[in-house]
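Here is a short set of questions and answers for someone new to this structure. Look at the sequence and the model first, then read on.

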Amino acid sequence: MSASTNPLIRPRTPFDRRMVAQMEMGKPIGGLRTFHKLFPGGTSITTPRAVSKIAPAITPFTITAKGKVYPGLVGLKMPTLSGGALDTTSNVIDLTDHGGNFKVWFTLNFSVTYLSTFLSSYTLNSVTVDTGTSIPADDDHTKHLQFNTITAKKPTTSFFRASIPIALYDNGANATLLHYG
């Protein structure tokens, strides 16, 4: 509707003027949530959109401020924490361990078969969640994959936001390397 034909912007008859005056009397008094802007034909009253606070998405391997670890799959296996699967136990890491500054990682145990000196096949046997001040060295059958750091008893954002595909590959010298997605 153009400004010239809109009676609320430019009242042309006594009825229109009374209607606009009644509407003006019913408007909310200016406060924190309303804004008034004067125009030649009247007043615009707007209320700003509410600022939405978006809760962080709960993704696999997120550690909460209380030490709870949200479950996810690593190489199609559910990791274990303190002997129980992440999706069935209380999944809590003690954030005061190691003085409140430590790393959290997955320890992946593989069965590896070599043909001559090259990787022939492998099977992921287990995945456990471990903590410590430093990550142990890898070997052909055991790999480690860090996914969080605890500093001053506060977890950082997880390095992974989804379940993790895992693969071993051959480095050509009778040894394996870990590839993850």
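Q: Which residue in the turn between β5 and β6 has a positive phi?
A: This is a predicted model. In it, β5 and β6 form a hairpin, and 2 residues lie between the strands. One residue in that turn has a phi of about 65 degrees, and this residue is S116.

Q: How many bridges join β5 to β6?
A: The two strands run antiparallel. One facing pair is K103 and G132, the latter in β6. The bridges between β5 and β6 number 13.

Q: How many bridges hold β5 and β7 together?
A: β5 also pairs with β7, in the antiparallel sense. F102 has I150 of β7 as its bridge partner. The count of bridges between β5 and β7 is 8.

Q: Which residue in the turn between β7 and β8 has a positive phi?
A: β7 and β8 run antiparallel and are joined by 2 bridges. T151 stands opposite K154 of β8. The strands form a hairpin with 2 residues between them. The turn residue with a positive phi, about 55 degrees, is A152.

Q: Is β7 largely enclosed or largely open?
A: A residue counts as buried under 20% relative accessible area. In β7, 8 of the 10 residues are buried. The rest of the structure therefore surrounds this strand, and β7 is largely enclosed.

Q: Is H144 buried or exposed?
A: H144 sits in strand β7. Its relative accessible area is 14%. The cut-off for buried is under 20%. So H144 is buried.

Q: Which residue's side chain makes a polar contact with the side chain of H144?
A: Beyond its close neighbours in sequence, H144 is in contact with several residues, including W105, F106, P136 and D138. The backbone oxygen of P136 lies 3.4 Å from a polar atom of the H144 side chain. The side-chain to side-chain polar contact is at 2.8 Å, and the partner is D138.

Q: Which strand gives the most residues to the largest nonpolar core?
A: The largest nonpolar core has 26 residues. F106 and L108 touch the most other members. At least two residues each come from β5, β6, β7 and β9. The top contributor, with 6 residues, is β5.

Q: Which residues of the core touch the most other members?
A: Nonpolar side chains tend to be buried together in soluble globular proteins. Here, F106 is in contact with residues including F61, V74, V127, L145, F147 and I164, leaving aside those within four places in sequence. The residues that touch the most other core members are F106 and L108.

Q: Is K37 buried or exposed?
A: K37 lies in strand β1. Apart from residues up to four places away in sequence, K37 touches G42, T43 and S44. Its relative accessibility is 52%, and the cut-off for exposed is over 50%. So K37 is exposed.

Q: How many strands does the protein chain have?
A: From the N terminus, the order of elements starts with α and continues with β. The chain has 1 helix. The number of strands is 10.

Q: Where in the protein chain is confidence lowest?
A: The chain averages a pLDDT of 81, and 77% of the residues score at least 70. Confidence is highest in β7, at 93. Where pLDDT is low, the predicted coordinates should not be read in detail. The lowest mean, 69, belongs to helix α1.

Notes: Residues numbered from 1 in each chain as written. Predicted model: local features only at pLDDT ≥ 70, side-chain atom pairs only at ≥ 80, totals over all residues. Heavy atoms only, no water. Core = buried A, V, L, I, M, F, W, Y, C linked by side-chain atoms within 4.5 Å. Buried < 20%, exposed > 50% of the residue type's maximum accessible area, 1.4 Å probe, protein only. Helix = DSSP H or I, 4+ residues; strand = E, 2+ residues; numbered from the N terminus. Contact = heavy atoms within 4.5 Å. Pairing = 2+ DSSP bridges. pLDDT = per-residue confidence, 0-100. Polar contact = N/O pair within 3.5 Å; in protein donor to acceptor, adjacent residues only side chain to side chain.
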